[in-house]
Amino acid sequence: MPDTPIQRLPLGQTLLIDADDTLWENNIYFERAIASFISLLSHHAYSPDEIRHHLNACERETIRQRGYGLKSFRQSLVNCFEQLSPEPVSPQTHEQISSFADAIATQEIELLPGVADTLAELTTRHRIILVTKGDDWEQRDKLERSGLKPCFHEIEVLPEKHSEAYLTLRDRHRCEAASTWMIGNSPKSDVNPALEAGLNAIFIPHDNTWMLEHEELLPPPSSQAFLQLPAFSHLAHYF
């Protein structure tokens with residue numbers, strides 16, 4: 001399929017749409033928390049880059065053990081501090097570290113430009129399924145607060161987004177691969193595994209995509225379609 005629209009695709013496509021940093025801002029709040037954490041931990045032994053590198057390793061390990069979400073993020077901060085600080089974590093420091101994560105939980109949902117109007121339009125023509133990963137309660141709470149829930153026919157909160165998860169999801173929702181599209185900002189979780197599962201994919205880059213979601217985009221098989229769009233609103237030109 002060409003990278004420029006010729007005409008809209010037929011009605012009745014299945015659009016699998018990511019949530020964080022595709023529909024609303026998310027990672028910028030984690031980055032602010034991490035900046036505060038690095039400032040708290042920063043001392044002569046480690047540079048900010050070294051602290052961030054170690055925190056990334058802590059996050060990978062905590063996610064492996066406990067999954068995604070704010071509880072996991074909070075634990076990663078504590079683990080990182082304990083491993084790098086020459087002093088034990090005092091109750092006061094522990095409370096301060098926890099406050100960095102707690103601030104994210106109360107953050108107002110900020111929709112990305114064009115999302116609300118575009119989703120409302122697309123849902124009249126196609127089947128829309130939210131496909132996100134993370135803590136089930138946290139993701140559903142964000143969706144409720146976003147005001148976008150009525151736009152979705154189904155909601156899927158997955159522990160991880162890999163090709164096997166997409167194959168299971170495809171079968172559960174009886175998706176026809178040729179008319180099913182995964183849409184998101186993450187090469188690692190949205191685009192590459194969807195293509196590996198035989199689906200089409202649309203990449204909408206976000207300037208602040210979480211660095212653990214960075215990955216080189218795979219070339220799509222000749223039988224599948226791939227698009228890169230500059231903004232969510234451009235979906236209405238294709239669908």
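How many of the residues of strand 4 (residues 180-184) are buried? In this predicted model, 5 of its 5 residues are buried, so that the strand is mostly covered, where buried means under 20% relative accessible area with a 1.4 Å probe and protein chains only. Strands here are DSSP runs of E with at least two residues, and helices are runs of H or I with at least four, both numbered from the N terminus.

Residues are numbered from 1 along each chain as its sequence is written, and side-chain values use heavy atoms, with hydrogens and water left out. Local features need pLDDT of at least 70 and side-chain atom pairs count only at pLDDT 80 or more, whereas totals for chains, interfaces and linings use all residues.

**Strand 4 and its sheet**

In a regular strand the side chains alternate between the two faces of the sheet. From strand 4, T180, M182 and G184 point one way, while W181 and I183 point the other way. The strand belongs to an open sheet of 6 strands in the order 3-2-1-4-5-6, with parallel pairing; two strands pair if DSSP finds at least two bridges between them. At the edges lie strand 3 (154-158) and strand 6 (226-228), each of which pairs on one side only. Three of the pairings are set out below.

| Strands | Bridges | Residues opposite each other |
|---|---|---|
| Strand 1 (residues 14-17) and strand 4 | 4, parallel | L15 and W181 |
| Strand 4 and strand 5 (residues 200-203) | 4, parallel | W181 and N200 |
| Strand 2 and strand 3 | 5, parallel | L130 and I155 |

Strand 4 also joins helix 8 (residues 187-196) and strand 5 in a right-handed β-α-β unit; right-handed means that, with the strands pointing away from the viewer, the path from the first strand over the helix to the second runs clockwise.

**The nonpolar cores**

A nonpolar core is a set of buried Ala, Val, Leu, Ile, Met, Phe, Trp, Tyr and Cys residues joined through side-chain atoms within 4.5 Å. The largest one has 28 residues, and those with the most contacts inside it are L23, L119 and F152. Strand 1, helix 5 (115-122), strand 2 (127-133), strand 4 and helix 9 (235-238) each supply at least two residues of this core, and helix 5 gives the most, with 3 residues. Contact means heavy atoms within 4.5 Å, and, not counting residues up to four places away in sequence, L23 touches several residues, among them I17, L119, L130 and F152. A second, separate core of 22 residues includes I51, L70, L77 and C80.

Notes
Buried < 20%, exposed > 50% of the residue type's maximum accessible area, 1.4 Å probe, protein only.
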